[in-house]
Amino acid sequence: MAALLAALLCAAPAGAAEPGAPRDDEASITLREDDFDIDVRYPRLGQAAVDDDLARWAAHVVAAFRQGLAEPEGGAQPATGTPDPNVHRFVNELKVTYAVTRASARAATVTFSIWTYTGGAHGNLDIITLSYDMASGARLALGDMFADTEGALALLASYCYDALAETLGEDRAEDMLRGGTSPDADNYASLALTPEGVRVHFPPYQVAPWSAGPQQVDVPLTELLDAGPRLDIWGVTR
């Protein structure tokens, strides 16, 4: 893992990389040049396999962003000749922050907020969750959380639609709301484990216009019992 991160950081010109760990339980990758500003933060949870996976994930996000900038249509291009003072030049940005939730001592979720700006009217915000079995270090997918994944999606869709239909108010766009909460696995890819159940994250444009911002719905475990949740994830014994 150390070799992977070292190779990534060495891809930047000398003096450009400033990796750091602001806290004992946090790591970061920070890279700055004239045309980009990268600050990716991720936690250390104290489980070796989990921490290695999070470090690999962060390195991949940075590498993918920089590769996108290197492509002909990606981001700002290097200046050539004499700069035109009348042309506004922007800095490409990648900013990643996170929050950690724990369903129990057995399971945890890292929710990443990924902000990117590569020109245009505004940037983009994506939300990605990574859930882990803290005993084995393995990632947890929806099928690891519920015996009946289709049933879980149906229950999530119904609950999230009703909750957002009530809270969005004037920002409610029925077509977006119906499509964004339909029982499709992609709609529920950003799902975090909480002590009370699950928290579903919806990035901008999935269920409402950009102006409404990202949305989230907390779904109690009691609403999902018919889908056969793996109760030990929540520290519940039969």
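Hi everyone, let me start with one pair of residues: Ile38 has Leu94 in S3 as its bridge partner. That bridge belongs to the pairing of strand S2, residues 36–43, with strand S3, residues 92–104, which run parallel and share 5 bridges. Please keep in mind that what you have in front of you is a predicted model.

Let's zoom out to the sheet around that pair. S2 and S3 sit in an open sheet of 5 strands, ordered S1-S2-S3-S4-S5, and the pairing is mixed. At the edges we find strand S1 (26–32) and strand S5 (124–133); each has a single partner strand, so one side of each has no neighbour in the sheet. From one strand to the next, the twist averages 15 degrees.

Now for the other end of that strand order. S4 and S5 are antiparallel, with 10 bridges between them. The two strands make a hairpin with 6 residues in between, and for those of you who like backbone torsions, Gly119 in the turn has a positive phi of about 110 degrees. If you want a residue to click on here, take Phe112, whose bridge partner in S5 is Ile128.

So what lies across this sheet? Helix H2, residues 48–70, lies across S1, S2, S3, strand S4 (107–117) and S5, and runs at about 165 degrees to S2.

Stay with H2 for a moment, and let's talk about rings. Searching the whole structure turns up 5 aromatic pairs. One I'd like to show you is Trp57 with Phe112: the ring centres are 4.0 Å apart and the planes are at 20 degrees, so this pair counts as stacked. Trp57 is in helix H2 and Phe112 is in strand S4, 55 residues apart, so to speak a link between distant parts of the chain. And yes, that is the Phe112 we just met opposite Ile128 of S5.

Moving along the chain, let's look at two helices. How do H4 and H5 cross? Helix H4 (residues 149–167) and helix H5 (residues 174–181) have axes that come within 9 Å and cross at roughly 155 degrees. With that angle, H4 is roughly antiparallel to H5. The crossing of H4 past H5 is right-handed. On the H4 side, the contact is made by Ala157, Cys160, Tyr161, Leu164 and Ala165, and on the H5 side by Glu174, Leu177, Arg178 and Thr181. By residue class, this contact comes to 6 nonpolar, 1 polar and 2 charged.

There is a further sheet to cover. It is open, with 3 strands in the order S6-S7-S8 and antiparallel pairing. Strand S6 (191–194) and strand S8 (215–220) are the edge strands, each with a single partner, so one side of each is without a neighbour in the sheet. Here the twist averages 25 degrees from one strand to the next.

Within this sheet, strand S7, residues 197–202, is joined to S8 by 6 bridges, and the two run antiparallel. Val198 stands opposite Val219 of S8. Which helix packs on this sheet? H4 does, touching S6, S7 and S8, with its direction at about 125 degrees to that of S8.

That's my tour, thanks for listening, and I'm happy to go back to any of these spots on the screen.

Notes
Residues numbered from 1 in each chain as written. Predicted model: local features only at pLDDT ≥ 70, side-chain atom pairs only at ≥ 80, totals over all residues. Heavy atoms only, no water. Pairing = 2+ DSSP bridges. Helix = DSSP H or I, 4+ residues; strand = E, 2+ residues; numbered from the N terminus. Axes fitted to C-alpha atoms, helices over the stretch in contact; angles between N-to-C directions. Contact = heavy atoms within 4.5 Å. Parallel < 35°, antiparallel > 145°, perpendicular 65-115°, else oblique. Left-handed = near helix turned anticlockwise from the far one by under 90°. Nonpolar A, V, L, I, M, F, W, Y, C, P; charged D, E, K, R; others polar. Phe/Tyr/Trp six-rings, centres within 6.5 Å; stacked < 30°, edge-to-face > 60°.
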